[in-house]
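Here is a short briefing for a first look. Keep the sequence and the model open side by side while reading.

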Amino acid sequence: VIYSITEPSTFEGAKRWIDELRREASSDLVIVLLGNKCDLRSYDNVGSCVPAELAMDYADAQGIAFLEVSAKVNL
């Protein structure tokens, strides 16, 4: 499940998707939470980024894997 670190609303949407997956999918489903656009975290004009610590804490509480990635710079 992927969200944009530059758009907090997409993180909230990802959490809803994870809830739905837990309700509807088989119990052996592996869920990974990905924060995309991590290459933009260092730019000053991206003020409302989703903190990596927030997403990591959420993933830990859910028992799922978490990574920050960038499709642009191949991270």
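Helices here are DSSP runs of H or I with at least four residues, numbered from the N terminus. On that basis, Glu12 and Lys15 stand three residues apart in helix 1, so about one helical turn separates them. The model is predicted. The points below start with the overall layout and then turn to single residues.

**Overall layout**

- The protein chain contains two helices and three strands.
- Read from the N terminus, the order of the elements is β-α-β-α-β.
- The chain has 75 residues, and 33% of them count as buried.
- Take the contacts in the chain with a separation of 6 or more: 70% of them join residues 24 or more positions apart.
- About 5,000 Å² of the protein chain is exposed, and carbon and sulfur atoms supply 54% of that area.

**Nonpolar core**

- In soluble globular proteins, nonpolar side chains tend to be buried together.
- The largest nonpolar core here has 15 residues.
- Which members touch the most others? They are Tyr3, Phe11, Leu33 and Ile64.
- Helix 1 and helix 2 each give this core at least two residues.
- Phe11 has contacts beyond its neighbours within four places in sequence: Tyr3, Leu33, Val50, Leu54, Ala55 and Tyr58.

**Aromatic rings**

- A pair of aromatic rings is described by the distance of the centres and the angle of the planes.
- Searching the whole structure gives two aromatic pairs.
- One of them joins Phe11 and Tyr58 edge-to-face, at 5.9 Å centre to centre with 80 degrees between the planes.
- Phe11 belongs to helix 1 (residues 8-24) and Tyr58 to helix 2 (residues 52-62), so this pair ties together parts 47 residues apart in sequence.
- Are Phe11 and Tyr58 buried or exposed? Both are buried.
- Tyr3 joins in as well: ring pairs link Tyr3, Phe11 and Tyr58 into a cluster.

**Charges around helix 1**

- How many salt bridges does the structure hold? It holds one.
- This salt bridge is formed by the side chains of Glu12 and Lys15, at 3.3 Å from N to O.
- Glu12 is partly exposed, with a relative accessible area of 37%.
- Lys15 is also partly exposed, and its relative accessible area is 22%. The cut-off for buried is under 20%, so Lys15 does not count as buried.
- Lys15 has a second partner: it lies over the face of Tyr58, 5.5 Å from the ring centre.
- Tyr58 thus appears twice, in the ring pair with Phe11 and beneath the charge of Lys15.

**Lys37 and Ser4**

- Most residues other than glycine have a negative phi, and most peptide bonds are trans.
- Lys37 is not a glycine, yet it has a positive phi of about 75 degrees.
- Where is Lys37? It lies in the loop between strand 2 (32-36) and helix 2.
- Lys37 counts as partly exposed, at 34% relative accessibility.
- Ser4 is part of strand 1 (residues 2-4).
- Ser4 counts as buried, at 10% relative accessibility.
- Leaving aside neighbours within four places in sequence, Ser4 is in contact with Thr10, Asn36, Lys37 and Val50.
- Val50 is in contact with Ser4 and also with Phe11.

Note on methods
Residues numbered from 1 in each chain as written. Heavy atoms only, no water. Phe/Tyr/Trp six-rings, centres within 6.5 Å; stacked < 30°, edge-to-face > 60°. Buried < 20%, exposed > 50% of the residue type's maximum accessible area, 1.4 Å probe, protein only. Lys NZ or Arg CZ within 6 Å of the ring centre and 35° of its normal. Salt bridge = Lys/Arg side-chain N within 4 Å of Asp/Glu carboxyl O. Contact = heavy atoms within 4.5 Å. Areas by Shrake-Rupley, 256 points an atom, 1.4 Å probe, with all protein chains shown as cover. Core = buried A, V, L, I, M, F, W, Y, C linked by side-chain atoms within 4.5 Å.
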